[in-house]
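Reader: Please take me through one part of this model in close detail. I would like the annotated site first, then its surroundings, then how the domains meet.

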Amino acid sequence: MKTLIKNGKIVEKGNQLTEASIWIEDGKIFAIGKAFDETGFDKVYDANGQLITPGLVDVHVHLREPGFTYKETIETGSKAAARGGFTTVCAMPNLNPVPDTAEKLKEIYAIIQKDAVVKVLQYAPITEELRSERLTDQKALKQAGAFAFTNDGVGVQTAGTMYLAMREAAANNMALVAHTEDESLLFGGVMHEGEISKKLGLPGILSATEASQIARDITLAKETGAHYHVCHVSTEESVRVIRDAKRAGIHVTAEVSPHHLLLIDEDIPEDNGFWKMNPPLRGKADRQALIDGLLDGTIDCIATDHAPHGLEEKNQTFLKAPFGIVGSETAFQLIYTHFVETGKFTLEQVVDWMAVKPAAIFGLDAGTLKIGAAADIAVFDLALEEAIDEQDFESKAVNTPFVGWKVKGNTMLTFVNGKLVWAKEEV
């Protein structure tokens, strides 16, 4: 099968946009040039001068299957990813049953094989059932296809458990990925501790809840030599601790979510569960620290933390609604519009943070347009401006405060292994 994507533009070093066409053969990138003779191609797609990038890589999504398919499924979640320009996503293990054995993990991969339209890599948990202190069999789970190990949704509360898990992860050459949250510091909090929480009369979440556990874990990562990756960094203090760790040569990497780059607690208009997420929206200084952390390399990549929920359960007060917002279908568009268009980030940086870097830090065969690489490709229209409309979502869920925001950089085409898996219009 020979496919051609013609008349596109790619971003090169120095943030230069260059005219390009991509020749795909047998699912891989065969050649990149300005133009090719179209004779002999089975499929030809016209990019019409739009941006061609490597397929985006999201190392933090929740697909909710098995156990919570009323929120999302592997099929709908992977379609949402494709609509956002993502071709590889890494799914969290807070499922029912939790994939804490090789057999359970293989059952999820069977669903992925059958239903996913993009590449889905499944995390396995650090401990059995997420909440226990009993470590999973990391070696068996790695052999069954585990992408990495995490208890995302809850922090590992015991330092001894985390130490033993990191030691195992290092021995198995696997990353240990942490949702950092010291529950002894939660005090029932549902949003960031600050003036807005006081104004709304809601219990706050201290910044120390996150940063203190990162500091603990970094100490353990130094001791064990494990690759320690921090999920959805949200506070100024967390950025400082990670920056210091990197300077000390400790193998720590980190991600930030688009909503923490774009929003702060002062943006929350009322006691509405659509604004409830974990970690919560923080203050102005925190947001600036996250932006600075991306720019200086302290934070390695952007990940959505796509967290779908049913409309009824989410459309409640902060005290009753679950944490989380969806993000797969809006991440690139929001970042492009509010940071590239305004000159705060370059397009090259955004592609790096959303495709190149997440693949590189986890050693994935993804995030590149090099000849011989898998033809995982996205095409974005940087000029077309549209309002985010939940009626257009491929996800089952619509729990996001970004509905109605006008964005550019809308996805036009998404290819996985050279196959078109999503298109905005009939092609």
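Author: The side chain of His 62 makes a polar contact with the side chain of Asn 94, at 3.1 Å. This is a predicted model, so the distances are those of a prediction. His 62 sits in the loop between S6 and H1. Its relative accessible area is 5%, so His 62 counts as buried. Beyond its sequence neighbours up to four places away, His 62 touches Met 92, Asn 94 and Asp 152. It also touches Asp 305, His 306, Ala 307 and Pro 308.

Two of those partners share an annotation with His 62. An unreviewed UniProt entry gives "binding site" for His 60, His 62, Asp 152 and Asp 305. These residues are spread over 246 residues of sequence, yet they cluster in space, with a largest C-alpha distance of 10.0 Å.

Now take Asp 152. Where does Asp 152 lie? It is in the loop between strand S9 (149-150) and helix H4 (159-171). Asp 152 has a relative accessible area of 2%, so it is buried. Its side chain makes a polar contact with the side chain of His 60, at 3.1 Å. Leaving out residues up to four places away in sequence, Asp 152 touches His 60, His 62, Met 92 and Asn 94. On the same list are His 179, Cys 231 and His 232. Met 92 and Asn 94 are thus listed as contacts of Asp 152 and also of His 62.

Asp 152 appears in a second annotation as well. The unreviewed UniProt entry places "binding site" at Asp 152, His 179 and His 232. Those residues span 81 residues in sequence, but no two of their C-alpha atoms are more than 10.2 Å apart, so they gather at one spot.

His 179 belongs to that second group. Its place is the loop between strand S10 (175-178) and strand S11 (191-192). Is His 179 buried or exposed? It is buried, with a relative accessible area of 4%. The side chain of His 179 reaches the backbone nitrogen of Gly 153 at 3.4 Å. With residues up to four places away in sequence left out, His 179 touches a run of positions next to Asp 152: Gly 153, Val 154, Gly 155 and Val 156 are among them. Thr 150 and Asp 152 are on the list too. So are Gln 213, Cys 231, His 232 and Asn 278. Cys 231 and His 232 are contacts of His 179 and of Asp 152.

Back to the loop that holds His 62. Lys 71 is found in the loop between strand S6 (56-61) and helix H1 (74-83). At 7% relative accessibility, Lys 71 counts as buried. Its side chain makes a polar contact with the side chain of His 309, at 2.8 Å. Neighbours within four places in sequence aside, Lys 71 is in contact with Arg 64, Pro 308, His 309, Gly 310 and Glu 313. Pro 308 is a contact of His 62 as well. Lys 71 is also in contact with Lys 396 and Ala 397.

Those last contacts lead to the domains. The domain assignment gives domain 1 (2-51 + 374-423) and domain 2 (55-366). Their C-alpha centres lie 26 Å apart. In contact are 38 residues of domain 1 and 47 residues of domain 2. The area buried between them is about 3400 Å², and carbon and sulfur atoms give 65% of that. In domain 1, Lys 396, Asn 399 and Phe 402 lose the most area to domain 2, together 20% of what that side buries.

Polar links cross this interface too. The rule finds 3 salt bridges between domain 1 and domain 2. Lys 408 and Glu 341 meet through their side chains in a salt bridge, at 3.2 Å, N to O. There are also 22 residue pairs in polar contact across the interface. On the side of domain 1 that touches domain 2, the elements giving two or more residues are strand S1 (2-12), strand S16 (377-381), strand S18 (406-407), strand S19 (410-416) and strand S20 (419-423). S19 gives the most, with 5 residues.

Terms used. Residues numbered from 1 in each chain as written. Predicted model: local features only at pLDDT ≥ 70, side-chain atom pairs only at ≥ 80, totals over all residues. Heavy atoms only, no water. Helix = DSSP H or I, 4+ residues; strand = E, 2+ residues; numbered from the N terminus. Buried < 20%, exposed > 50% of the residue type's maximum accessible area, 1.4 Å probe, protein only. Polar contact = N/O pair within 3.5 Å; in protein donor to acceptor, adjacent residues only side chain to side chain. Contact = heavy atoms within 4.5 Å. UniProt positions renumbered as here; feature names shortened; annotations may be inferred. Domains from an automatic or database assignment. Buried area = accessible area lost by both parts, 1.4 Å probe. Salt bridge = Lys/Arg side-chain N within 4 Å of Asp/Glu carboxyl O.
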